[in-house]
Amino acid sequence: MKKLLSSLLIISSLLTTGCFFKQQSYQDTRFLMDTIITISVTGKDQAAIKNATDEAFIAFKEVEDETDRYKSHKPRDLYALNQHNGQGPFIVGDHLYKLLLMYKEQPYTALDLSLGPIIDVWRTHGETKTVPSLEEIKTALAKCGRDKFSLDTTNHTVTLTAGSNLDLGAIAKGYAVDYAASVITKNKAVTSALINAGGNIKVIGTKANGKPWRIGIQDPRNPQEILGILEMKNGQAIATSGDYQRYYEVNGVRYCHILDPATGQPARNAISTTVVSSSALTADFFSTLLFVLPHEEAISVVKNTPQIEAIIVNPKGEIYVSPGLRNTFTKEK
Ligand code: AMP
Ligand code: MG
């Protein structure tokens, strides 16, 4: 599928190399979790902030190793769990367990971590730009569903039914951003940081000039341009899901990477959903969930979830901005 690696543009990062009132800056970019990750840090000591950045990348690698379903990394990872389907309880690593537990505790069905089989069908068809038959979709969907896996909270094991396959693409990057941010903030030399994992962003502190971070929200139908700019405070995270990020087209119809678990078809209720929260995991989770839900239902979830604020663009191009963002989001057009 066509892949656009970063879904958000950082309008003004202070973190170019150099000094600002004796503050040192450091920035590094690496490819992990199937996306480009940039970590920018300022602080008092160059060696210490480089060290904080390196440690944050190690945190990303740790999460990648446990949540990548395409490649084996270690004995208790997602790849191994999926291989173990139909064979009873399986002990998984701590990051993976935490993510699955969090997922099981929430009530929503439009975000479904068991969609591996149907995601694979669309991924294969994406390579040849074809559309799966209804029969193929039905067969794959039969292997998906929240009831296809269970957790044993005493022994920290996960049991998958035969043929099922978990995919954590909707939430793993957000979780990793929070984890990397916690690693960075432990380093007392750091005064501010911005972590951007392909549009899953978290900010720590303010810019060196004391002004808020400003993040550009991409225009989903013209991704080189922005819909508007969002100001972000210390500790805030943001995530965007969009049908322009990974998709392919057949006969002028767009098939994007986010699927509706009810039908097995690409979700078409939104074209872009952005969520702001103090947790990058929460932002990642809800941006995908809101993308699948019908527009009015998505707005109602936002209104009933105090931890999040959101910007939702529906297929007509109408933009909903939740009340909590009306002072911090400035529309470009
Ligand atoms: P995101 O970019 O965070 O919205 O996550 C999209 C990714 O999550 C896709 O590439 C799939 O790996 C996976 N996915 C697609 N549809 C769903 C869904 N309805 N529920 C959970 N995961 C999904
Ligand atoms: Mg997500």
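## Exercises on a predicted model

An oxygen atom of ligand 1 sits 3.4 Å from an N or O atom in the side chain of H257. The model is a predicted one, and the exercises below start from this contact and move outwards.

**Exercise 1. Find which backbone atoms make polar contacts with ligand 1, and how much of its area the protein covers.**

Step 1. Take the oxygen side of the ligand again: a backbone N or O atom of A170 is 3.2 Å from an oxygen atom of ligand 1.

Step 2. Now turn to nitrogen. A polar backbone atom of L259 lies 2.7 Å from a nitrogen atom of ligand 1.

Step 3. Apply the cut-off: N or O atoms within 3.5 Å form a polar contact. The 3.2 Å distance at A170 meets it, and the 2.7 Å distance at L259 does as well.

Step 4. On its own, ligand 1 has 500 Å² of accessible area, and the protein covers 91% of that.

**Exercise 2. Describe the shell around ligand 1: how many residues surround it, and how do they divide by character?**

Step 1. Count the neighbours: ligand 1 is surrounded by 16 residues, and the closest are D112, D167, S241, L259 and T288.

Step 2. Sort the shell by character, which gives nine nonpolar residues, four polar and three charged.

Step 3. Look for the element with the largest share. Helix 7, residues 280-292, supplies three residues of the shell.

**Exercise 3. Work out which protein atoms are donors of the magnesium ion (ligand 2), and where their residues sit in the chain.**

Step 1. List the donors. They are A170 (O), D284 (O), D284 (OD) and T288 (OG1), at 2.1 to 2.4 Å from the ion.

Step 2. Write the spacing of the donor residues in sequence: A-x113-D-x3-T.

Step 3. Place A170 and D284. A170 belongs to the loop between strand 8 (157-160) and helix 6 (172-186), while D284 belongs to helix 7; with their positions 114 residues apart, the pair links distant parts of the chain.

Step 4. Check their surroundings: both A170 and D284 are buried.

Step 5. Bring in the earlier exercises. A170 is a magnesium donor and also has a backbone atom 3.2 Å from an oxygen atom of ligand 1. T288, another donor residue, is among the closest neighbours of ligand 1.

**Exercise 4. Explain why the pair of Y108 and F286 is edge-to-face, and which residues join in its cluster.**

Step 1. Start from the total, which is six aromatic pairs.

Step 2. For Y108 and F286, the ring centres are 5.8 Å apart and the planes stand at 75 degrees, so this pair is edge-to-face.

Step 3. Y108 is in the loop between helix 3 (94-104) and helix 4 (116-128), and F286 is in helix 7, so the pair ties together parts 178 residues apart in sequence.

Step 4. Compare exposure. Y108 is partly exposed at 23% relative accessible area, whereas F286 is buried at 9%.

Step 5. F285 and F286 have ring centres 5.1 Å apart and planes at 70 degrees, so they too are edge-to-face. F285 is buried, at 4%.

Step 6. Put the pairs together: Y108, F285 and F286 form a cluster linked by ring pairs.

**Exercise 5. Are M33 and D34 buried or partly exposed, and what is the phi of each?**

Step 1. Locate M33 in the loop between strand 4 (23-32) and strand 5 (35-43). D34 lies in the loop between strand 4 and strand 5 too.

Step 2. Read the angles: phi is near 55 degrees for M33 and near 60 degrees for D34. Most residues other than glycine have a negative phi.

Step 3. Finish with exposure. M33 is buried, with 8% relative accessible area, and D34 is partly exposed, with 34%.

Conventions. Residues numbered from 1 in each chain as written. Chains lettered and ligands numbered in written order. Predicted model: local features only at pLDDT ≥ 70, side-chain atom pairs only at ≥ 80, totals over all residues. Heavy atoms only, no water. Near = heavy atom within 4 Å. Polar contact = N/O pair within 3.5 Å; in protein donor to acceptor, adjacent residues only side chain to side chain. Areas by Shrake-Rupley, 256 points an atom, 1.4 Å probe, with all protein chains shown as cover. Helix = DSSP H or I, 4+ residues; strand = E, 2+ residues; numbered from the N terminus. Nonpolar A, V, L, I, M, F, W, Y, C, P; charged D, E, K, R; others polar. Donors = N, O, S within 2.8 Å, 3.2 Å for Na, K, Ca; no water. Buried < 20%, exposed > 50% of the residue type's maximum accessible area, 1.4 Å probe, protein only. Phe/Tyr/Trp six-rings, centres within 6.5 Å; stacked < 30°, edge-to-face > 60°.
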